[in-house]
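Got your viewer open? Load the model, set the chains to separate colours, and follow along stop by stop.

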Number of protein chains: 2
Amino acid sequence: MAKNEMLPGTLGMLILRVLQPGPIHGYAIAQRIHTLSKELLQVEEGSLYPALQRMLLKGWVKAEWGISETNRKVRFYKLTAEGRRQLQSEIEDFDRVLQGIQSVMSKA
Amino acid sequence: MAKNEMLPGTLGMLILRVLQPGPIHGYAIAQRIHTLSKELLQVEEGSLYPALQRMLLKGWVKAEWGISETNRKVRFYKLTAEGRRQLQSEIEDFDRVLQGIQSVMSKA
DNA sequence: GAGACAAACCTAGCGCTTCAAGGCATAGAT
DNA sequence: ATCTATGCCTTGAAGCGCTAGGTTTGTCTC
């Protein structure tokens with residue numbers, strides 16, 4: 001985990017979260033995570049698209065081809081009901097594990 | 001990431017942190033993480049020992065055979081100077097990335 | 001003493017995730 | 001016509017954690 005990277009295991013949660021307000025296209029997901037994190041996080045395309053494929057297979061998102069604001073053929077991703085449930089579940093898991101980590105880190 | 005698991009990428013940091021106060025043996029590291037985390041984290045032996053091997057190779061810890069309080073042959077692990085530096089570095093990385101994650105999760 | 005159990009160490013192999021490094025297509029600008 | 005940025009995708013390698021085994025040895029029970 002070097003300078004500008006992800007915490008393994010959290011990429012799915014971040015993507016789902018960014019999709020929550022409404023459908024956006026793949027490329028924009030990475031940009032949105034980048035800016036929302038104040039440039040602290042950087043999602044590589046080689047991580048992004050495979051992750052989206054996995055989510056499609058699991059039924060957490062649906063994809064649809066369309067045209068972007070910049071007049072380009074893009075693929076819009078949208079949360080499914082199951083995806084919404086999955087997001088909640090991942091948030092709970094993350095919060096619990098994070099609490100465990102912080103307990104150890106502070107009171108070791 | 002199911003019920004009682006680790007966040008990938010944080011195991012090394014947790015082990016280094018638990019070793020910080022002083023040398024303890026491998027098996028006790030897992031127990032200590034378990035109890036310090038209030039049973040929220042569970043380190044499997046199949047994760048623990050390979051992780052310790054990696055740290056030995058990188059020179060972050062040193063190992064020494066000895067006898068435990070329960071009169072058993074055990075391997076005590078001890079932080080090296082480099083391990084202390086590594087711990088600080090991992091803490092900084094983790095804090096920065098965590099801040100990024102929380103920014104995204106709250107303000108998406 | 002025999003057997004059972006838990007402490008404590010370890011390894012092999014699988015599966016998953018991330019990343020680096022490429023390739024492809026097209027809209028808009030020069 | 002060429003270039004640049006946008007946008008999608010795949011392949012291969014590397015790393016990590018887990019499952020599922022196995023070994024040794026101290027302690028306790030009968």
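In which loop of chain A does A:N71 lie? Select A:N71 and you land in the loop between β2 (61-67) and β3 of chain A. A heads-up before going on: this is a predicted model.

**Stop 1: the two Asn71 residues**

Check the backbone torsions here. Phi of A:N71 is positive, near 60°, and the residue is not a glycine. For context, most residues other than glycine have a negative phi. A:N71 counts as exposed, at 64% relative accessibility. Now pick B:N71, in the loop between β2 (61-67) and β3 (73-79) of chain B. Its phi is positive too, about 65°, and B:N71 is exposed with a relative accessible area of 63%.

**Stop 2: the two copies**

Show both chains and superpose them. A turn of 180° with a shift of 0.0 Å along the axis lays chain B on chain A with an RMSD of 0.0 Å. The two copies are thus related as by a two-fold rotation axis. To find that axis, go to B:P8: in chain B, its C-alpha is the nearest to the axis, 2.8 Å away. Both copies use the same surface, since 100% of the contact residues of chain B recur in chain A.

**Stop 3: helix α2 of chain A**

Select residues 26-36 of chain A, which form helix α2. Which of its residues are buried? They are A:G26, A:A28, A:I29, A:A30, A:I33 and A:L36. As a reminder for reading that list, an α-helix has 3.6 residues a turn, so residues three or four places apart point the same way. Next, colour what covers them: the cover includes α1 (11-19), β1 (24-25), α3 (45-58) and β3 (73-79) of chain A, along with α4 (81-107) of chain B. Just past the helix comes A:K38, with a positive phi near 55°.

**Stop 4: DNA strand D**

Turn on strand D and select its surroundings. There are 24 residues around it, and the closest are A:Y27, A:R72, A:R75, B:S47 and B:R54. Of the strand D atoms that come within 4 Å of the protein, 61% are sugar and phosphate. Try these distances:

- From a backbone N or O atom of A:Y27 to a phosphate oxygen of strand D: 2.4 Å.
- From a polar side-chain atom of A:Y49 to a phosphate oxygen of strand D: 3.0 Å.
- From a side-chain N or O atom of A:E45 to a base nitrogen of strand D: 2.8 Å.

Which element supplies the largest share of the surface near strand D? That's α3(A), with five residues. By class, this surface has seven nonpolar, ten polar and seven charged residues.

**Stop 5: DNA strand C**

Switch to strand C, where 26 residues surround the DNA. The closest are A:G46, A:S47, B:Y27, B:E45 and B:R75. Of the strand C atoms within 4 Å of the protein, 60% belong to sugar or phosphate and the rest to bases. Three more distances to draw:

- From a backbone N or O atom of B:Y27 to a phosphate oxygen of strand C: 2.3 Å.
- From a side-chain N or O atom of A:R72 to a base oxygen of strand C: 3.0 Å.
- From a polar side-chain atom of B:Y77 to a phosphate oxygen of strand C: 3.4 Å.

Finish by highlighting α3(B), which gives the most to the surface near strand C, with five residues. That surface divides into nine nonpolar, ten polar and seven charged residues.

Key
Residues are numbered from 1 along each chain as its sequence is written. Chains are lettered from A and ligands numbered from 1 in the order in which they are written. This is a predicted model: local features need pLDDT of at least 70, side-chain atom pairs count only at pLDDT 80 or more; totals for chains, interfaces and linings use all residues. Side-chain values use heavy atoms; hydrogens and water are left out. Buried means under 20% relative accessible area, exposed over 50%, partly exposed in between (1.4 Å probe, protein chains only). Helices (H or I, at least four residues) and strands (E, at least two) are DSSP runs, numbered from the N terminus. Contact means heavy atoms within 4.5 Å. A residue is near a molecule or strand if one of its heavy atoms lies within 4 Å of it. A polar contact is a pair of N or O atoms within 3.5 Å; within protein, one must be able to donate a hydrogen and the other to accept it, and residues adjacent in sequence count only if both atoms are side-chain atoms. Ala, Val, Leu, Ile, Met, Phe, Trp, Tyr, Cys and Pro count as nonpolar, Asp, Glu, Lys and Arg as charged, and the others, Gly among them, as polar. Copies are superposed by least squares on the C-alpha atoms of residues with pLDDT of at least 70 in both.
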